[in-house]
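Biologist: I keep reading labels on models without knowing what stands behind them. Walk me through a few here.
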Amino acid sequence: MKGYALITGASSGFGEAIAQSLAKEGYSLIIAARRTERLESLKANLSHLPVQIEMLTVDVRDEQSVISALASLSDSVKDHIEILVNNAGLAVGRGPIDQGISDDWNRMIDTNIKGLLYVTKAVVPYLKKQKNGHIVNIASIAGKEVYAGGNVYCASKHAVDALSRSMRIDLVSFGIKVTNIAPGAAETEFSLVRFKGDQETADSVYEGYEALQAQDIADSVLFAVTRPAHVNISDITIMPTAQASTSILHKES
Ligand code: NDP
Ligand code: 8X3
């Protein structure tokens, strides 16, 4: 019988699709995000599957709240966490460094880097108990390259990339796999969040080409976590066919 997969940012986009795919694969879930009603609806949608689903309403930026959320789970759940998907994250704003807004920078750094660290630190003790613990970090091609106006978001995802490589070293002796997934442009609520609710600008990001969909990322996660015990997929970079790099996106006019 499969254990639990804890997925942060499961209320939307990649996290929601990853949760659906892992539940269909037979994993029980711990789904985490700030929007409880979204988590409730995801849980209801998966109720036909023979898996357990726990919900954690948590802001990953708040370390104490992360610790309390984990503590609220029963031992029978915590002791069977096999997979952690560090997916919660966001970009806020896009523009030159000297016009950056400190609050936007803090939101990205606190969520994408510090939040990932808080959740990882809280969950690793349980993964160590497993023979097949696995951490999947959702980074970005913005963690491999930089692009105009991407400065702090790119820096935060470069940090995720570095943490994936560091975790692999720190956890290798415990048999814990670490997979870094670096998607390119994918159509989720990401751009709506980045452009602070400006739907028109968000929609324009995905016009003129076929963007990745959340399910494409979920398929990558599923592939990584279903390899044999001796195989670790270290890194997956996945882009739309129309994208060659962070800055080169072939759009039909
Ligand atoms: P969405 O905006 O659709 O989803 C983001 C998720 O993160 C939501 O579930 C949100 O939940 C959660 N989240 C954000 N802040 C917090 C927080 N402080 N505490 C807990 N949860 C939080 O975007 P995506 O699905 O596209 O993004 C998922 C990840 O993929 C992010 O790390 C993003 O950087 C990365 N990524 C996205 C790409 C894209 O083009 N879409 C490409 C490459 C990487 P809630 O608001 O309910 O808390
Ligand atoms: C999101 C992809 O290119 O908008 O991580 O930074 S990009």
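Biologist: Why is Ala182 called buried?
Modeller: Buried means under 20% relative accessible area, exposed over 50%, and partly exposed in between, with a 1.4 Å probe and protein chains only. Ala182 has 0% relative accessibility, so it counts as buried. This is a predicted model: local features need pLDDT of at least 70, side-chain atom pairs need pLDDT 80 or more, and totals for chains, interfaces and linings use all residues. Residues are numbered from 1 along each chain as its sequence is written, chains are lettered from A and ligands numbered from 1 in the order written, and side-chain values use heavy atoms, without hydrogens and water.

Biologist: What surrounds Ala182?
Modeller: Ala182 sits in strand 6; strands are DSSP runs of E, at least two residues, and helices are runs of H or I, at least four, numbered from the N terminus. Contact means heavy atoms within 4.5 Å. Neighbours within four places in sequence aside, Ala182 touches residues including Ala139, Ile141, Lys144 and Ile236. Ser140 is 42 residues away in sequence, yet 3.8 Å away in space, C-alpha to C-alpha.

Biologist: What makes Asn112 buried?
Modeller: Its relative accessible area is 2%, so the buried label applies to Asn112. The residue belongs to helix 5, residues 102-127.

Biologist: With which side chain does Asn112 make a polar contact?
Modeller: With that of Ser156, at 3.0 Å. A polar contact is a pair of N or O atoms within 3.5 Å; within protein, one must be able to donate a hydrogen and the other to accept it, and residues adjacent in sequence count only if both atoms are side-chain atoms. The Asn112 side chain also reaches the backbone oxygen of Leu90, at 2.9 Å.

Biologist: How do you know that the span of helix 9 agrees with its length?
Modeller: The expected span is 1.5 Å times one less than the number of residues. Helix 9 has 12 residues, 214-225, so 16 Å is expected; its end C-alpha atoms are 17 Å apart, which agrees.

Biologist: Why do the buried residues of helix 9 line one face?
Modeller: They fall within an arc of 155° seen down the axis, so they line one face of helix 9. The arc is that of the directions from the helix axis to the C-beta atoms. Among these buried residues are Ala214, Ile217, Ala218 and Val221. An α-helix has 3.6 residues a turn, so residues three or four places apart point the same way. The buried residues of helix 9 pack against elements including helix 1 and strand 6.
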